[in-house]
Amino acid sequence: MPKVYKKHSEESRLNHKIALCKHYNKPLDDIARFWSYVDIKGLFDCWEWKGALVSGGYGTFWHNGKLVPAHRIAYKLYYGPISEGLDVLHKCNNRPCCNFFHLYTGTNQDNMDDKVRANRQAKGESQGSAKLTEQQVIEIRENKDNLSQRKLGKLYGVGQYAIRAILHKKTWKHI
Ligand SMILES: [Zn+2]
């Protein structure tokens with residue numbers, strides 16, 4: 001029979017959460033309200049946001065009259081202020097996650113690089129509508145000065161507009 005610490009646990013867990021917020025210069029009830037939306041689990045687990053999510057899938061918290069990304073607050077609470085121009089990024093790729101051990105700061109470019117790496121397969125050849133392979137797209141770009149867009153299109157069995165889109169990086173941006 002497992003021991004049950006029910007009476008004790010709610011309050012001590014809340015105190016623990018508040019203790020985690022040593023850097024955040026905000027009223028304690030605000031911090032407690034923040035953590036009440038986070039599904040705190042084990043140290044290495046994702047702690048998902050139980051409140052509202054924005055369309056990108058990030059948690060969002062109503063704070064001082066505006067909506068703030070929840071993971072950004074979680075980061076600040078534990079590590080302190082975020083340097084100017086930096087984004088808070090997820091090591092776990094789980095956007096609602098507010099476990100500060102899964103968060104790190106980086107530039108938006110770092111974030112995009114990670115995304116491109118993660119989505120390379122999904123957005124490229126494996127996409128159902130893709131007629132070309134990555135190798136062919138590279139060839140098309142290499143031959144843009146040797147052959148007209150029309151000829152390139154004929155050669156690779158796609159329309160001229162598809163070639164133009166490739167050359168202007170409107171499509172196949174990740175290559
Ligand atoms: Zn996580």
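**From an exposed loop to two nonpolar cores**

Gly-85 sits in the loop that runs between helix 3 (70–79) and strand 3 (87–90). The structure is a predicted model, and this loop serves as the entry point. Because Gly-85 has 8 C-beta neighbours inside 10 Å, it counts as exposed. Its C-alpha atom lies 7.1 Å from that of Thr-107, a residue 22 places away in sequence.

The overall inventory can now be set out. The secondary structure of the protein comprises seven helices and four strands. In sequence order these elements follow the pattern α-α-β-β-α-β-β-α-α-α-α. The protein has 175 residues, of which 18% count as buried. Among contacts between residues at least 6 apart in sequence, 41% join residues at least 24 apart.

The β-β step before helix 3 is a convenient place to continue. Strand 1 (residues 60–63) and strand 2 (residues 66–69) pair in the antiparallel sense, over four bridges. Within this pairing, Phe-61 stands opposite Val-68 of strand 2. The hairpin formed by strand 1 and strand 2 has two residues between the strands, and Asn-64 takes a positive phi there, near 50 degrees.

The hairpin leads to the buried part of the model. In soluble globular proteins, nonpolar side chains tend to be buried together. The largest nonpolar core here has 15 residues, and those with the most contacts inside it are Val-38, Ala-70, Ile-73, Ala-74 and Cys-98. Helix 2 (28–36) and helix 3 each supply at least two residues of this core. Helix 3 gives the most, with five residues. Leaving aside residues up to four places away in sequence, Ile-73 touches Phe-34, Phe-61 and Val-68. Two of these partners, Phe-61 and Val-68, are the residues that stand opposite each other in the hairpin.

Apart from this largest core lies another, of eight residues, with Val-137, Ile-140, Leu-152 and Ile-166 among them.

Before turning to the helices around that second core, the loop between strand 3 and strand 4 deserves a look. Asn-93 is placed in the loop between strand 3 and strand 4 (103–106). Its phi is near 60 degrees, a positive value in a residue other than glycine. Is Asn-93 buried or exposed? With 12 C-beta neighbours inside 10 Å, Asn-93 counts as exposed, since the exposed class takes in residues with 12 or fewer such neighbours.

The later helices can be treated as packed pairs. Two packed helices are described by the angle between their axes and the distance between the axes. Helix 5 (residues 134–142) and helix 7 (residues 160–167) pack at an angle of about 85 degrees, and their axes are 10 Å apart. That angle makes helix 5 roughly perpendicular to helix 7, because the class covers angles from 65 to 115 degrees. On the helix 5 side the contact consists of Val-137, Ile-140 and Arg-141, which meet Ile-163, Ile-166 and Leu-167 in helix 7. By class, the residues of this contact divide into five nonpolar, no polar and one charged. Three of the names already met in the second core recur here: Val-137, Ile-140 and Ile-166.

Another residue of helix 5 is Glu-139. Because it has 15 C-beta neighbours inside 10 Å, Glu-139 counts as partly exposed. The C-alpha atoms of Glu-139 and Leu-152 are separated by 9.7 Å, with their positions 13 residues apart along the chain.

Leu-152 belongs to the contact of helix 6 with helix 7. The axes of helix 6 (residues 149–156) and helix 7 come within 8 Å and cross at roughly 105 degrees. The crossing therefore makes helix 6 roughly perpendicular to helix 7. Gln-149, Arg-150, Leu-152 and Gly-153 in helix 6 meet Gln-160, Ala-162, Ile-163 and Arg-164 in helix 7. This contact has three nonpolar, three polar and two charged residues. Ile-163 takes part in the contact with helix 5 and in the contact with helix 6.

The path ends in the segment after helix 7, where Lys-169 lies. Lys-169 has a positive phi of about 55 degrees although it is not a glycine. With 11 C-beta neighbours inside 10 Å, Lys-169 counts as exposed.

Conventions: Residues numbered from 1 in each chain as written. Predicted model: local features only at pLDDT ≥ 70, side-chain atom pairs only at ≥ 80, totals over all residues. Axes fitted to C-alpha atoms, helices over the stretch in contact; angles between N-to-C directions. Parallel < 35°, antiparallel > 145°, perpendicular 65-115°, else oblique. Contact = placed C-beta atoms within 7 Å. Nonpolar A, V, L, I, M, F, W, Y, C, P; charged D, E, K, R; others polar. Buried ≥ 20, exposed ≤ 12 C-beta atoms within 10 Å, placed from the backbone. Core = buried A, V, L, I, M, F, W, Y, C linked by C-beta atoms within 7 Å. Pairing = 2+ DSSP bridges.
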